[in-house]
Protein chains: 2
Amino acid sequence: MDEADRAVDRLFQALADATRRDMLRRCVRGELSVSRLAAAYPMSFAAVQKHVTVLERAGLVTKERRGREQLVRTDPGAVARARQALDALESAWRARVDRMSGLLSEDDDGPDACGGPAHARERKGPDG
Amino acid sequence: MDEADRAVDRLFQALADATRRDMLRRCVRGELSVSRLAAAYPMSFAAVQKHVTVLERAGLVTKERRGREQLVRTDPGAVARARQALDALESAWRARVDRMSGLLSEDDDGPDACGGPAHARERKGPDG
DNA sequence: CCCATCTACAACCATTTGGTTGTACGTTAC
DNA sequence: GTAACGTACAACCAAATGGTTGTAGATGGG
């Protein structure tokens, strides 16, 4: 297993925890110090520190010092990278659908194509 | 943490292992029996069985009996669900970009202060 | 029937994970 | 300078994870 695989491991692993996903949502609304972040959760400061470390190793957030505080902010390219990892899986799925549609019909992408996510790459913005 | 959160946990957790991602790629190219799948990896049959169980609990694959074999196939909607989970994070990021355009220096003391979704106070574990 | 194959599952083990507490260190405020 | 704050990190613990082996139940072919 090469480093790229391990990076994807860390990425999905970091996302596989509701607390960390919530941290991302909070940091995405504006950078927060680790202390301020920790105040939002019913766990010790050290536990929050560890979560932040996991997010950082996954490349989802970066830390920057400001005085005695450490500001946590989301990495703009992070979600894009997660999305890319999913794309890799999805493209394999599309290849299969492609083979099926070739056999079944030529003007339809298959039964899954109605609302299917295969190439629905359009972003669904929160307010349009 | 509600069941939806736990479902997302299971989904990303299942994706956070290179072996399981490879299994998905293989099954996406055509359903495979667990034995045939197991033959592709340098680990015991039981280990592969466990991986398939993880993928199944995450809703990424389904199993179907054919004779004495158990065919594993990807769930067409699975990757779509993963993408949806990422979309939720991405929309938050877009919202932040949106706010930066307006640029108001509001004190981000709590989620209620800025009208955002307040869902961070809940945690796993009784009180520990 | 008997045997080979495919699957299911339990028991066990090592490592990782998610949490705790305690301690030490740099920075800011008084 | 000292106290308070914010952070870093180590030691420890319970539970989950990823692997093993072993055993037992179905299913299909000779």
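Trainee: In this predicted model, which elements of chain A have the lowest and the highest mean pLDDT?

Mentor: Helix α5 (residues 78–104) of chain A has the lowest, 72, and helix α4 (residues 45–57) of chain A the highest, 98. Chain A as a whole averages 79, and 73% of its residues score at least 70.

Trainee: What is the pLDDT over residues 105–128 of chain A?

Mentor: It is below 50 there, although the stretch has 25 contacts in the model beyond near neighbours in sequence. Where pLDDT is low, the predicted coordinates should not be read in detail.

Trainee: Why are β1 and β2 of chain B said to stand at the edges of the sheet?

Mentor: The order of this open sheet of 3 strands is β1-β3-β2 (chain B), with antiparallel pairing. β1 (32–33) and β2 (61–66) of chain B each have a single partner strand, so one side of each is left without a neighbour in the sheet.

Trainee: What makes β1(B) and β3 of chain B a pair?

Mentor: Pairing needs at least two bridges. β1(B) and β3 (residues 69–74) of chain B have 2 bridges, in the antiparallel sense, so they count as paired. In β3(B), L71(B) is the bridge partner of S33(B).

Trainee: Which residues touch the most other members of the largest nonpolar core?

Mentor: Among its 52 residues, they are L15(A), L60(A), L15(B) and L60(B). The largest share of the core, 6 residues, comes from α5(A).

Trainee: Why is this core said to lie between domain 1 and domain 2 of chain A?

Mentor: Domain 1 (3–75) and domain 2 (79–109) of chain A both give residues to the core, so it lies between them.

Terms used: Residues numbered from 1 in each chain as written. Chains lettered and ligands numbered in written order. Predicted model: local features only at pLDDT ≥ 70, side-chain atom pairs only at ≥ 80, totals over all residues. Heavy atoms only, no water. Helix = DSSP H or I, 4+ residues; strand = E, 2+ residues; numbered from the N terminus. pLDDT = per-residue confidence, 0-100. Contact = heavy atoms within 4.5 Å. Core = buried A, V, L, I, M, F, W, Y, C linked by side-chain atoms within 4.5 Å. Buried < 20%, exposed > 50% of the residue type's maximum accessible area, 1.4 Å probe, protein only. Domains from an automatic or database assignment.
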